[in-house]
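Me: I'd like a close look at one part of this chain: the places where cysteines are bonded to each other. Could you walk me through them in plain words?

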Amino acid sequence: MRISRKKIATLAVAVLLSSVTVVSGAQAADSAGTRYDAAMISALATSLGVSEQAAVERLDRETSQQRTLSSLERQGVATDGSFFNAKGELVVNTDNAKASREVERAGLRARTVRHGENELNKVKAALDNAALGRTPTGVSSWEVDLAADAVTVKVNDSDSASARAFLDKARSYGDAVRVLSDQPDLVPQATIKPGAEMAFNGFVCSVGYGARDSAGRQYLVTAGHCIEDLPVLSYQGTRFAQGTNSRFAMGSRSVDMGIARLDAGNTISTVVGTYGRATEPRVLGSRRAASGSTLCKSGRTTFWTCGRVNSYNVTVTYSDPNGGPNTVVTGLASSSVCTQGGDSGGAYISGNQAQGMTSGGPASQRCNGSVNAPGSSYFQPLDDALAHYGLTLNTA
């Protein structure tokens, strides 16, 4: 039974299955004394190839035009969608000549269209319903494109039966739909901090460190028992990696290291998450800390806990609470860092040097919620895992 392999314990030492959490970027705050965020102005100026003053003026014009449109709509002028063209002009779809004249008189551009936003939204909703019944493999996306006055369907591979059925449905709407072929395949793009939660086969572990091979392929380095069966790893229900190698096998002499290949577009951050309990440390290397050094661990169950390295070259016996065979694990390090179930795979760091990934701890251990909670744990040294798999740690 595979379940027992995810609940191993050491000497009285419980395996700490962890989990992976995707972290989103911080939102920009408005700069004091300005109408717009300074970083946004700088980025807009760069992308448009204009000065920052010109970028501000463009934003002002856009704001003014949208206010004008809102005023017209409050007055009952019939409109059916709007968009900014490449020149920064607000183009407004109208239903009749009278509405067009009122839009033009207000200084905006009017356009009479065959379909308009309301009709296109209904077409889009119908395609959404079709996709719910049968996922159209090979169809990248579909969207209401007001400038084109159509629902644009983007396809990267139309050979599957589900794609053909979806495209037949889409084309039944005539020129209200346009199909673009040879489009790129789409993938979720997540940046996941070490210590975040990852899920697999109904269980959870914590994220370790990101590394790359000589060809530049990206991997997650984690505890071997978390990916013993080489599962698909997910964040919030969305796949981000696939286990590729593990040196852990329940009932056999094992080493608790493993790696998972990251799906395209996903990355492991070079900043360790601390769950708001401390300044988040940047990962600058993987130099092994000497015994007695202070170190901290990030994991989804006990969050950010700290202690000291006790010793290296530790061998433990993990027992299985479900009655499976014991497993002897070699090559670990011991510490006074407190951990619990779910922390497995989580990131240990000393200063800015990455140290390893949570392996296990006492089965009955309960951390008290403080950063320096008393306890003990075992971790797989990162430098050994990098050397074994021929990987290079990603650093800030």
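Reply: The link of Cys296 and Cys306 is right-handed, with 105° about the S-S bond. Keep in mind that this is a predicted model. The two sulfur atoms in this disulfide sit 1.9 Å apart. As for where the partners live, Cys296 is in strand E18 (residues 294-299) and Cys306 is in strand E19 (residues 303-319), so the bond ties together parts that are 10 residues apart in sequence. Are these two buried or exposed? Anything under 20% relative accessible area counts as buried. Cys296 has 15%, so it's buried, and Cys306, at 12%, is buried too.

Now, how many disulfides does the chain have? The count comes to 3, so let's go on to the others.

Cys205 and Cys226 are joined with an S to S distance of 2.0 Å. The torsion about their S-S bond is about -85°, and so this disulfide is left-handed. Cys205 belongs to strand E11 (residues 203-206), while Cys226 is in the loop between strand E13 (218-222) and strand E14 (232-235), so here the bond ties together parts 21 residues apart in sequence. Both Cys205 and Cys226 are buried.

Then there's the pair Cys338 and Cys367, whose sulfur atoms are 2.0 Å apart. With -100° about the S-S bond, that link is left-handed. It connects distant parts of the chain, 29 residues apart: Cys338 lies in the loop between strand E20 (327-335) and strand E21 (347-350), and Cys367 lies in the loop between strand E22 (353-362) and strand E23 (377-381). Cys338 is buried, with a relative accessibility of 0%. Cys367 is buried as well, at 16%.

What pattern do the disulfides of the chain follow? If you count the bonded cysteines along the chain, you get 1-2, 3-4, 5-6. You can trace that yourself: Cys205 goes with Cys226, Cys296 with Cys306, and Cys338 with Cys367.

So here's the picture to take back to the structure. The Cys296 and Cys306 link is the right-handed one we began with, and its partners lie in strands E18 and E19. The Cys205 and Cys226 link is left-handed, running from strand E11 to a loop. The Cys338 and Cys367 link is left-handed, and its partners lie in loops.

Key: Residues numbered from 1 in each chain as written. Predicted model: local features only at pLDDT ≥ 70, side-chain atom pairs only at ≥ 80, totals over all residues. Heavy atoms only, no water. Disulfide = S-S within 2.5 Å. Helix = DSSP H or I, 4+ residues; strand = E, 2+ residues; numbered from the N terminus. Buried < 20%, exposed > 50% of the residue type's maximum accessible area, 1.4 Å probe, protein only.
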